[in-house]
Every structure is written in C-alpha cells, then in structure tokens.
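Please work through the following exercises with the sequence and the coordinates open beside you. Each one sets a task and then follows it with a solution in steps.

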Amino acid sequence: MNRIDNIYEKIIDKQNLYRAAALAQRTRRYKPTSADFNFKLEQEIESLYNELSSRTYRHGRYRQFTIYEPKKRMIAAAPFRDRVVHHAVHDIIEPAIDPSFIYDSYACRRGKGTHKAIDRAQSFLRANNFCLHGDIRKYFPSIDHHVLKSLVRKKIEDKSLLWLLDELIDSALFLKGGLPIGNLTSQFFANLYLNELDRFVKHELRMRYYIRYMDDFLIFSSAKAPLIRAKNILRKFLRECLCLRLHEGKSQIYKTATGIKFLGFRLYNNFRRLSTQNIRFFRKRLRSYEALFMLGEMTQCRLRDSVRSWVAHSSCADTHGLRIRILNELFERNAPFGYLLKDVLMTQTLLPASVDMDREAFVYKAGYVR
C-alpha cells in the first residue's frame with residue numbers, strides 16, 4: 001500500500017476532536033475528569049486544536065495502578081484530554097492501515113474479536129494433527145520504540161502526523177520502553193508491530209493455518225516437524241527483528257486431538273470448554289457482586305448487565321451445564337439473589353450480532369481508569 005500522507009488536518013479537525021471527546025466519555029461521563037472536560041468542552045477542544053495545530057501539544061503524566069485479574073498487570077492511565085487525542089488519532093488512521101493487516105489477525109479490529117478467532121481456530125484444529133501455540137514474553141513492556149517508529153514510517157508519510165505519533169509513543173518513557181496498557185493507540189500499535197510476524201509466517205514460512213490474537217498465536221500443521229522448524233526460526237526472527245522473546249514455557253507444540261487452550265477456552269474437534277481459570281474468576285467475581293448488591297453498592301441493572309456479559313462470552317463454549325451448577329450454588333447460598341439472576345444465567349441468546357464486541361470489550365479495557 002502507498003504510504004499515508006496529508007491526513008493530519010483530518011485528525012485535528014474540530015469535528016473529529018468533538019467526536020473523539022464523545023467516544024472517550026463513554027462509560028466515564030460522570031467521572032470527575034471527564035465531567036470537568038465536558039463542562040468546559042468548547043474551551044478544551046479549542047485548546048487542543050491550537051496545541052495540535054502549532055505542534056506544541058505535550059502528553060500529560062500517566063496515573064499508574066495495578067490490577068490482579070486475570071493476572072497482575074500495571075496499568076498506566078492517561079489524563080482525559082490526552083485520551084481524547086488518542087481517540088482522534090486512532091479513529092482516522094485505523095481504517096486507513098487496517099486493510100494491510102492479514103485476515104487472521106483478530107484482536108481489536110472491527111468485525112473480528114474473540115468469538116470469531118475461536119471459530120477460526122477450531123476450524124484449523126479440525127484440519128490438522130499438530131499445533132504450535134506461541135506467546136510473546138511480556139509483550140507490551142517489550143515493544144521497542146525505535147522499531148515501532150520505523151514500522152509506523154513504512155505506513156505513514158505525513159510529517160505532522162509522525163510528530164504526533166512519536167509524542168504518543170514516547171509519552172510513557174517512565175516505563176523504560178514499551179507501551180502502556182490502557183491506551184487505545186497502544187492496542188493499535190501493538191497490532192501494527194506484530195503484523196511483521198504475521199507477514200513473516202504467511203509469506204516467508206508459508207504456513208497456511210495461522211491465527212493471531214494480540215501476542216497469542218497458533219500455527220497448525222498435519223505434521224510435527226514443520227512446527228519444530230517454525231518455532232526455531234520464529235525465536236530468531238522475533239529476537240533479531242522485533243526485539244521480542246518467545247515465552248518458552250507457554251510456546252509449545254501439542255497434538256490437536258488432546259485439545260488446544262486459546263483465549264480462555266479449550267478447543268476440541270467437536271466441542272469447547274471454558275478454561276478453569278475463567279470459571280474460578282467468575283465465581284469469585286459473582287461473590288463480590290453478591291456482597292456489593294446486598295450492601296446497596298451495586299444496582300440490579302448493573303449486576304444483571306455484568307453477569308449477562310460473562311454469559312454472552314461463556315456461551316461460545318458448551319457451558320449450559322456449568323451455568324446450571326453455578327445457579328444451583330447461588331440458590332443454596334442465597335436463594336433471592338439466585339432468582340434475580342436465573343433468567344440471565346439460563347439464557348441461550350447471545351448479544352446482538354450488530355454489536356462490535358471486540359471494540360466494546362476494548363472500550364471496557366481502556367476504561368481501566370477508575
């Protein structure tokens with residue numbers, strides 16, 4: 001594809017900034033930072049426009065905190081006005097660059113997402129005897145800024161936009177490299193970074209059955225030997241070209257007949273199971289919901305919506321029996337609470353297909369700011 005040029009004016013256009021502010025406020029409308037920004041909306045947009053036009057914009061300081069589920073992660077939350085800039089940039093450049101990504105890259109892309117990745121992986125599993133499950137060690141903290149900037153310059157020619165992207169990339173130098181988990185642009189940059197891996201696997205190694213969801217990837221083959229060779233080559237490619245390391249403990253070759261763990265599911269030829277870790281976390285979360293609800297700190301609407309989201313996700317696997325067991329546990333522990341969630345846990349209907357699940361899931365993740 002030709003390198004993108006003359007696009008900066010679209011990004012800093014005031015209508016785009018207003019639209020970005022509205023997107024950044026979703027799920028955060030009544031938080032103090034977004035409420036303050038919205039109270040002075042015209043003044044804030046005018047200020048951002050002037051700073052971006054004159055290239056005097058500087059990213060603010062991040063707020064850091066740690067989450068512990070599904071595993072320990074350090075989150076760096078940008079100030080709200082900077083989140084507006086991240087949205088303004090992402091929503092213009094993402095549609096222009098996304099077509100250059102391979103079909104079987106599924107994270108944080110419109111029309112893709114976890115469930116479609118699971119469907120595709122299971123179809124590859126049925127056609128092959130072996131699978132290499134690859135994982136990148138500490139992916140986001142390991143992304144090299146110099147490599148990322150060089151990859152960005154392969155796609156973009158606009159000098160003003162490159163200045164702004166450099167500012168966003170270098171905004172978290174306190175991390176000593178890497179990208180902060182929590183930025184909308186971080187997910188896009190992370191996809192762009194591993195697009196090099198995608199193209200190498202597809203065009204250099206010529207592996208037909210390949211799928212990636214962020215730093216989690218699968219390569220399928222009818223024989224084990226090609227996967228052993230591919231793993232050795234990829235270890236060197238990642239280290240020398242992308243400054244990344246395979247997670248040796250998680251990057252293993254498996255027989256597809258024994259099932260493959262992927263994105264919180266275990267896939268078999270004709271059925272799927274939800275991972276034990278996911279079930280354990282949901283049971284723990286449900287107990288906390290129960291406590292908050294009984295104390296009046298969680299509304300019935302929010303409770304049901306939270307449980308409905310898990311049901312929609314878990315229904316991608318064969319979990320009807322599991323949900324019956326969870327409901328029975330609730331009845332034994334707190335019958336009124338169980339009756340409140342009975343219809344939600346037993347529903348067979350997923351969320352509407354029109355909902356962009358992957359984007360909505362990321363809005364939730366990018367909304368780690370509490």
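**Exercise 1. A covered helix**

Which helices do the buried residues of helix 9 pack against?

Solution. Keep in mind from the start that the model is a predicted one. Begin by locating helix 9, which covers residues 159-169 and is mostly covered, nine of its eleven residues being buried. Next, list these residues: they are Leu161, Leu162, Trp163, Leu164, Leu165, Asp166, Glu167, Leu168 and Ile169, so that the acidic residues Asp166 and Glu167 appear in the list alongside leucines. Finally, look for their partners, which belong to helix 1 (8-12), helix 4 (41-54), helix 5 (80-97), helix 8 (145-155) and helix 10.

**Exercise 2. An arginine in helix 5**

Decide whether Arg83 is buried or exposed, and place this residue relative to Ser171.

Solution. Arg83 is found in helix 5, one of the helices against which the buried residues of helix 9 pack. The relative accessible area of Arg83 is 9%, and the cut-off for a buried residue is under 20%, so Arg83 counts as buried. For the second part, Arg83 and Ser171 stand 88 residues apart in the sequence, while their C-alpha atoms are 12 Å apart in space.

**Exercise 3. The order of a sheet**

Work out in which order the four strands of the open sheet are arranged, and which of them are the edge strands.

Solution. The order is 4-5-3-6, with antiparallel pairing. Strand 4 (209-213) and strand 6 (252-255) are the edge strands, since each of them pairs on one side only. On average, neighbouring strands of this sheet are turned by 20° against each other, direction ignored. Turning to the individual pairs, strand 3 (residues 130-135) is joined to strand 5 (residues 216-221) by six bridges, and the two run antiparallel; strand 3 also pairs with strand 6, again in the antiparallel sense, over four bridges. His133 can be followed in both directions, as its bridge partner is Leu218 in strand 5 and Gln252 in strand 6. Asp135, for its part, has Asp216 as its bridge partner in strand 5.

**Exercise 4. The two sides of strand 3**

Sort the residues of strand 3 by the way they point, and state how many of them are buried.

Solution. In a regular strand, side chains alternate between the two faces of the sheet. In strand 3, Phe130, Leu132 and Gly134 point one way, whereas Cys131, His133 and Asp135 point the other way. All of these are buried, in keeping with the count of six buried residues out of six for this strand. To see what lies across the sheet, look at helix 6 (residues 114-126), which lies across strand 4 and strand 5 and runs at about 155° to strand 4, and then at helix 10 (residues 184-204), which lies across strand 4 and strand 5 as well, at about 175° to strand 4.

**Exercise 5. The nonpolar core**

Find which residues touch the most other members of the largest nonpolar core.

Solution. This core holds 110 residues, and Tyr139, Phe262 and Val307 touch the most other members. Helix 10 supplies the largest share of the core, namely nine residues. Taking Phe262 as the example and leaving aside its neighbours within four places in sequence, its contacts include Ala117, Ile118 and Ala121, together with His133, Ile211, Tyr213 and Leu218. Asp216 is also among the contacts of Phe262.

**Exercise 6. Two residues with positive phi**

Compare the surroundings of Asn6 and Met214: which is buried and which is exposed?

Solution. Phi is near 55° in Asn6 and likewise near 55° in Met214, a positive value in a residue other than glycine. Asn6 has its place in the segment before helix 1 and is exposed, with a relative accessible area of 67%. Met214 lies in the loop between strand 4 and strand 5 and is buried, with a relative accessible area of 7%.

**Exercise 7. The whole chain**

Explain why the chain can be called as compact as a globular protein of its length.

Solution. The chain contains 16 helices and nine strands. Its radius of gyration is 22 Å, close to the 21 Å that the globule rule gives for 370 residues, and therefore the chain is as compact as a globular protein of that length. Of these 370 residues, 51% count as buried.

Conventions
Residues are numbered from 1 along each chain as its sequence is written. This is a predicted model: local features need pLDDT of at least 70, side-chain atom pairs count only at pLDDT 80 or more; totals for chains, interfaces and linings use all residues. Side-chain values use heavy atoms; hydrogens and water are left out. Two strands pair if DSSP finds at least two bridges between them. Axes are lines fitted to C-alpha atoms, for helices over the stretch in contact, and angles run from 0 to 180 degrees between N-to-C directions. Contact means heavy atoms within 4.5 Å. The radius of gyration is taken over C-alpha atoms; the globule rule is 2.2 Å times the number of residues to the power 0.38. Buried means under 20% relative accessible area, exposed over 50%, partly exposed in between (1.4 Å probe, protein chains only). A nonpolar core is a set of buried Ala, Val, Leu, Ile, Met, Phe, Trp, Tyr and Cys residues joined through side-chain atoms within 4.5 Å.
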